[in-house]
Amino acid sequence: MKFFSIAALALVGAVMTSCSSSDDLTENAQQPQPASGSKVETFTTTVSLDGGETRALDGSGHKTFAVGETMALIYNNGTSTVKAVSHALETGDITNSGKSATFTFDLETPNKEIGVIYIYPAAMATETGSHINYDALYTQQDGTLTKLASNFDLCLKAGNWNGGNLPSPTLENHLAILALTLKNDADGSNITNSITGLTVSDGIHTYNVTRETGDGPIYVAILETSSATIEVTATDGTKTYAKALSGRTYEHNNGYNFSWRMAEVIKGKFSVSSTKQVYFSKGNLQATTTDLGAHWTWAFAEHQWDKIGGRSGGSETQTGNNYVTGTGAQPTMSANGTVDLFGWSTSATYLGISNNNSNDNYSGAFVDWGSHADVTKTIGTGWRTMSNTQTGGATGEWEYLLTKRSTASGMRFYKAQVNGVNGLILFPDDWNDSYHPLTAGNINNNAISFESTKLTASDWNNDFESHGAVFLPVAGQRRTDNHYVDYPAGRGYYWSSTPNDAGTAYRFYFSGSSAEWSYSVGSSRRFGYSVRLVRDVK
């Protein structure tokens, strides 16, 4: 919803050219020094703010001129187009309850046959080129309304000399202002005050905001958009959050007050087709019961290497963890606990928790964990399960991710042991091989043991996850005939959303003991496999 509304901008075409290199904001406030012997004249002009609500100085959208502010003037000095910066406003320069102000310029031999352009505030003016310092919008915002209003909230006007005097126009605002309150999509908690970095992209322009932690909302000035896909990422220095919005129009001269729910993600972007990228969830999916299976609470594992485990070979004591005893829509447990190995999800098996031992009980359409109401009320919306190789040979998302995508480093995956857990590292599309030294022969090589590279938790957090890498822990498979978990440290099985036939579905499988792996083999739906959800990058 808008928090203020003002008239549209009609801007002279000369002002609407592409941006050039930005000026340092402190240097922009310096007064130009006339060359020795040059002819300098002093001119004044009184300008107004459009509609009285042009710029976002407060939450109501009211802006007045302030003492100390400056404005830039683009003019011709007889030989070239140059920039002049006004004297700083003093109290006596400001009139009309702050809606008008008189600016004073020292101009060197101005050519009064050629029009001028006003750029306010002066920090948004470059020395040459397009005249407008768009780079400041992309790199120098800090999320505060005060700095935005004084440095970035661009007002423009072009005009011709009025006889021997500068024109006295009404300035027109050029940007849209977003006021953002951010919440954790999983639990609705307000994360705004903890955010230290925010990126807003419309697919053409990217605005990077670096801020101190503190009271929100976070203010971002952007160029207007029309039916654009907006991608937002935020970080508190440890966690990364993402949101994507489609078909968004943000008009210049308008402010928008949003409360956005953001999903916690691993920050790396991974191509799963030639046209689509995804973020991965922060860990494998888990479901917990405290009443022996009558109700379940869903969450992502706290760490990427977390896995539940369970009975193996009958030697362990029976526990609630991955020891499911019930079947059908309300599976029971031998004891309260958490499961993270699921049968292929259909309506008959309650998201794969059920312990049905026949594939016939898993027939029917796939029910995605990422869109089921019982799951999304705690993990948030927008998640989904990746597809796999389709019948007829069409490339699925797991296959593309592992074997076909191009990355900046040429690295797609790597087997390793992370914090004592075997698994597969996935490198994001923009991975740089300087982040951590790795054995060249092990890169994109499935015929390597997990133990050939051992990484500590510190290695992982500082060198890998902080740069967007994903880890798929080996968790084995849960059997339905005897409740055992087979291969808990030797094989990884991850479900896809793609059915094969009435009794099987495609999964991604990898092993540490050989080069054996697959993403195009149908597997019995009754087996309990790991689930790692993704969300699309828009």
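Start with strands β18, β19 and β20 of this predicted model. Together these 3 strands make an open sheet, ordered β19-β18-β20, with antiparallel pairing. Colour β19 (297–300) and β20 separately: these are the edge strands, each pairing on one side only. As you turn the view, look for the twist, which averages 30° from one strand to the next.

Now select β18, residues 285–289, along with β20. The two pair in the antiparallel sense over 3 bridges. To see one spot in detail, pick Thr289 and look across to Gly337 in β20, which stands opposite. If you like to display backbone hydrogen bonds, this is a good place for it: strands of a sheet pair through them.

Next, follow the chain out of β20 (337–339) into the loop that leads to α4 (373–379), and stop at Asn355. Is Asn355 buried or exposed? Asn355 has a relative accessible area of 8%, so this loop residue counts as buried.

What surrounds Asn355? Beyond its neighbours within four places in sequence, show its contacts in two batches: Val324, Thr325, Gly326, Thr327 and Tyr362 among them, then Arg478, Arg479, Thr480 and His483. Zoom in on Thr480, whose backbone oxygen lies 3.5 Å from a polar atom of the Asn355 side chain.

Finally, zoom out to the whole protein chain, with its 6 helices and 30 strands. Of its 538 residues, 52% are buried. Switch on the surface, too: the accessible area comes to about 21000 Å², with 45% belonging to carbon and sulfur atoms. Among contacts between residues at least 6 apart in sequence, 65% join residues at least 24 apart.

How values were computed
Residues numbered from 1 in each chain as written. Predicted model: local features only at pLDDT ≥ 70, side-chain atom pairs only at ≥ 80, totals over all residues. Heavy atoms only, no water. Helix = DSSP H or I, 4+ residues; strand = E, 2+ residues; numbered from the N terminus. Buried < 20%, exposed > 50% of the residue type's maximum accessible area, 1.4 Å probe, protein only. Polar contact = N/O pair within 3.5 Å; in protein donor to acceptor, adjacent residues only side chain to side chain. Contact = heavy atoms within 4.5 Å. Areas by Shrake-Rupley, 256 points an atom, 1.4 Å probe, with all protein chains shown as cover. Pairing = 2+ DSSP bridges. Axes fitted to C-alpha atoms, helices over the stretch in contact; angles between N-to-C directions.
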